[in-house]
Amino acid sequence: MRSIAAVFAAALVLSGCQSVRDRFDGPQPNPGPCPNALSLYDAHRLVEFRGEERVLRNVGFTGEILNVRGACTYTDARVSPIDMQMAVRFAFGRGAAAEGSEKTYYYFVAVTRTDSAVIAREVFPITVRFPPGENRVELTEEIGSIVIPRAEATTSGANFEVIVGFELTPEQVEFNRSGLRFRVPVE
């Protein structure tokens, strides 16, 4: 368990030297493709229910990953890591059964071999405050640097994926797989 944390600590280093937004706006030549950056379907939504019935009046807090963007650089032609930056756009809702005006959500970022094993995974908190009279909030989280090691100089970013999702209970995963949705309406 410790070794996974150590690998991820080495693979995921947050830095604020250059904002992700700046990286997306400027032209950046790259010798190879970036890893795919995506949200996991089963974990891209979170709906909390208060009570047994799965109806709108029992919806507490909700969360949804709207968009995941990634940009990367290969630092040189030798065997060097791929440095990836991401921006994750979230929408959060406060339903009729929500208690309070603040909620801390937890989401994960995982680096994987494409369609294969997880190399590293880390969980991050995001605290959302709903202003008085507001029941929906959108936020963009920037992840400044995810360092993906390469075994050889010919190893392409296409061999990796960076996946984002909410930390969910088994019941929440089952709800997502059912295809049902509850979005808090904008008032």
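Q: What is the relative accessibility of Glu53?
A: First, a heads-up: this is a predicted model, where local features need pLDDT of at least 70 and side-chain atom pairs count only at pLDDT 80 or more, while totals for chains, interfaces and linings use all residues. Residues are numbered from 1 along each chain as its sequence is written, and side-chain values use heavy atoms, with hydrogens and water left out. Buried means under 20% relative accessible area, exposed means over 50%, and partly exposed is in between (1.4 Å probe, protein chains only). Glu53 counts as partly exposed because its relative accessibility is 44%.

Q: Which residue forms a salt bridge with Glu53?
A: A salt bridge here is a side-chain nitrogen of Lys or Arg within 4 Å of a carboxyl oxygen of Asp or Glu. For Glu53, the closest N and O atoms of the pair are 2.8 Å apart. The partner counts as exposed, because its relative accessibility is 55%. That partner is Arg57.

Q: How many residues apart are Arg129 and Glu102?
A: These two form a salt bridge, with their closest N and O atoms 3.1 Å apart. The pair links distant parts of the chain, since Arg129 is in strand 6 (residues 118-129) and Glu102 in strand 5 (residues 102-113). Strands (E, at least two residues) and helices (H or I, at least four) are DSSP runs, numbered from the N terminus. In sequence, Arg129 and Glu102 sit apart by 27 residues.

Q: Where does Glu167 lie?
A: The side chains of Glu167 and Arg121 meet in a salt bridge (2.4 Å, N to O). Arg121 is in strand 6 and its partner is 46 residues away in sequence, so the pair ties together separate parts of the chain. Glu167 itself lies in the loop between strand 8 (160-166) and helix 3 (170-178).

Q: In what order do the four strands of the open sheet run?
A: Two strands pair if DSSP finds at least two bridges between them, and in this sheet the pairing is antiparallel. The edge strands are strand 2 and strand 7, each pairing on one side only. Reading across the sheet, the order is 2-3-4-7.

Q: How many bridges join strand 4 to strand 7?
A: Strand 4 also pairs with strand 3 (residues 59-74) in the antiparallel sense, over 13 bridges, with Phe61 opposite Arg94 and Cys72 opposite Met84. Toward strand 7 (residues 136-148), the strands run antiparallel too, and Phe90 stands opposite Leu139. The bridges joining strand 4 to strand 7 number 11.

Q: How many of the 13 residues of strand 4 are buried?
A: Strand 4 spans residues 82-94. It is largely enclosed by the rest of the structure, because its buried residues number 10.

Q: How many residues does the largest nonpolar core have?
A: A nonpolar core is a set of buried Ala, Val, Leu, Ile, Met, Phe, Trp, Tyr and Cys residues joined through side-chain atoms within 4.5 Å. In the largest one, the residues with the most contacts inside it are Met86, Tyr105, Tyr107, Ile146 and Phe166. Strands 3, 4, 5, 6, 7 and 8 each supply at least two of its residues. The residue count of this core is 35.

Q: What is the relative accessible area of Glu48?
A: Glu48 is in strand 2 (residues 45-49). Not counting residues up to four places away in sequence, Glu48 touches (heavy atoms within 4.5 Å) residues including Phe61, Lys103 and Gln172. Glu48 is buried, with a relative accessible area of 16%.
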